[in-house]
Amino acid sequence: MLKMIIKDLRLSPMRSILTSLSMAVGILSLIASVLIGTTGKDYLQTINAQLSGWSPTYTLTVKDAGTNSSKANAAFLDSLEHSQDAAIAAEYQISSLGVYQHGKIQNATFLIASSNRSLIYPNHLISGIGCPTDNEQTPPCAVVNEAANNLYTVNNSLTIGQFNSISTFNVRVRGVVSDGSTEPVIYMNPIMLQTFFPLLWTPSSITLRVHPHSLSFNESEIKQLVNDMLFDTVGGSVTDTTRTDNAESYDSIVSFLQAATLVSALLLLMVSTIGIINIGMAGIEQRARELLIRRALGATRLSIACLVVGSSVMLSLFVALGSIIISLLIVGTLPVLLPAASMVQLQYPVSAAIIACAAAVATAALGALAPAIKAARLQPALALR
């Protein structure tokens with residue numbers, strides 16, 4: 001029977017190719033809909049987090065904090081790092097810092113932040129070893145983004161200073177990151193800056209970035225937690241609190257794309273079913289004499305029906321195998337096409353591929369059912385005409 005089914009498929013190769021085309025596109029569309037809902041969503045969320053933080057991210061402004069004491073400052077950053085309820089990072093605003101270029105000091109964006117900021121604003125490390133931790137003993141260093149690396153660094157170092165001072169300080173560039181920003185940014189650790197360059201340590205305020213581990217941890221609880229940490233270390237209090245959470249807009253876009261792709265896949269499989277029925281009916285008309293001779297030679301109605309259905313099912317299995325190979329190649333190529341800053345880990349949707357292939361086989365069997373019934377009802381006596 002299997003040899004007869006394969007031989008049957010080879011009789012009309014063009015018909016088999018045309019029948020399988022919409023089925024293959026339907027399988028690939030089903031797999032694509034799952035990738036859009038998983039990888040697409042992760043990609044958009046990661047890009048958004050690089051600029052706005054993981055949703056939700058709270059921004060707290062601190063006033064009257066005593067940051068001159070390095071011991072109290074270290075204790076404050078240590079309490080932030082060991083918070084069990086949220087990822088909390090401190091950013092110190094020092095507006096007088098600049099970078100020397102060609103012997104002149106230039107304005108630059110310095111982000112003086114604790115090392116756990118990467119838990120809220122994920123960055124992709126392009127080269128180097130990244131930012132030092134708050135308690136790491138390391139020579140004066142900085143991490144820059146791609147724009148700053150092309151603009152400021154010379155021989156993996158840069159020279160910094162203050163606009164109201166002639167003193168200059170050389171800093172080694174420890175790493176280059178992709179942070180989603182097109183503006184040059186220089187990242188420095190506050191403890192390191194305060195320890196090695198006390199003349200530059202003139203913070204005007206502190207901004208805290210907070211990403212709670214649970215959505216039930218609300219704004220008032222976050223504010224109370226931070227105030228307790230401030231009271232135990234550097235003093236001061238929280239004045240303003242704002243929340244950034246625009247992930248829902250991305251979720252709606254991804255959900256729409258996923259639904260549109262899924263509907264398209266189902267429509268394509270439906271069209272494939274109709275095509276199989278039409279082609280099957282036409283094929284029965286063309287092969288009527290062949291099937292009648294087989295019936296006259298002793299073939300049963302069931303064997304004739306199995307031959308017709310088996311041809312469609314065998315074709316669908318070939319199409320499913322080919323579609324899986326194509327989808328594997330596409331998923332394997334996507335990491336090369338995605339920007340490095342996306343940091344998305346692609347995983348092949350095995351369950352979606354199995355469901356898509358099962359749907360294709362079911363579609364083929366359903367589409368071949370009507371032609372198979374018609375073929376089984378042919379009367380052997382008609383072969384004698």
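In the predicted model, N155 lies in the loop that connects helix α4 (146–151) to strand β8. The backbone of N155 has a positive phi of about 55°, although N155 is not a glycine. N155 counts as exposed because its relative accessibility is 75%, the cut-off for exposure being over 50%. N156 is found in the loop between α4 and β8 as well. N156 is likewise not a glycine, yet has a positive phi, of about 60°. With a relative accessibility of 57%, N156 also passes the limit of over 50% and therefore counts as exposed.

Strand β8, which spans residues 157–162, pairs with strand β3 (residues 97–101). The two strands are antiparallel, and three bridges join them. Within this pairing, V99 has I160 of β8 as its bridge partner. Strand β8 is also joined to strand β9 (residues 168–178), again in the antiparallel sense, through five bridges. One of the bridge partnerships here links G161 to T168 of β9. Strands β8 and β9 form a hairpin, with five residues between them. Strand β8 is thus paired with β3 and with β9. In a regular strand, side chains alternate between the two faces of the sheet.

A further backbone feature occurs at P56, in the loop between helix α2 (13–52) and strand β1 (57–63). The peptide bond leading from S55 to P56 is cis, and its omega is near -10°.

On the surface, V263, L267, M270 and I274 make up a nonpolar patch. The accessible area of these residues together is about 380 Å². M270, one of the patch residues, belongs to helix α7, which covers residues 247–286.

For the protein as a whole, the secondary structure consists of ten helices and twelve strands. The protein has 385 residues, of which 44% count as buried, that is, have under 20% relative accessible area. The exposed area of the protein is about 19700 Å², and 61% of this area is supplied by carbon and sulfur atoms. Among contacts with a separation of 6 or more, 84% are between residues 24 or more positions apart.

How values were computed:
Residues numbered from 1 in each chain as written. Predicted model: local features only at pLDDT ≥ 70, side-chain atom pairs only at ≥ 80, totals over all residues. Heavy atoms only, no water. Helix = DSSP H or I, 4+ residues; strand = E, 2+ residues; numbered from the N terminus. Buried < 20%, exposed > 50% of the residue type's maximum accessible area, 1.4 Å probe, protein only. Contact = heavy atoms within 4.5 Å. Areas by Shrake-Rupley, 256 points an atom, 1.4 Å probe, with all protein chains shown as cover. Pairing = 2+ DSSP bridges. Patch = residues over 30% accessible without salt bridge, like charges linked within 9 Å, V, L, I, M, F, W, Y side chains within 5 Å. Salt bridge = Lys/Arg side-chain N within 4 Å of Asp/Glu carboxyl O.
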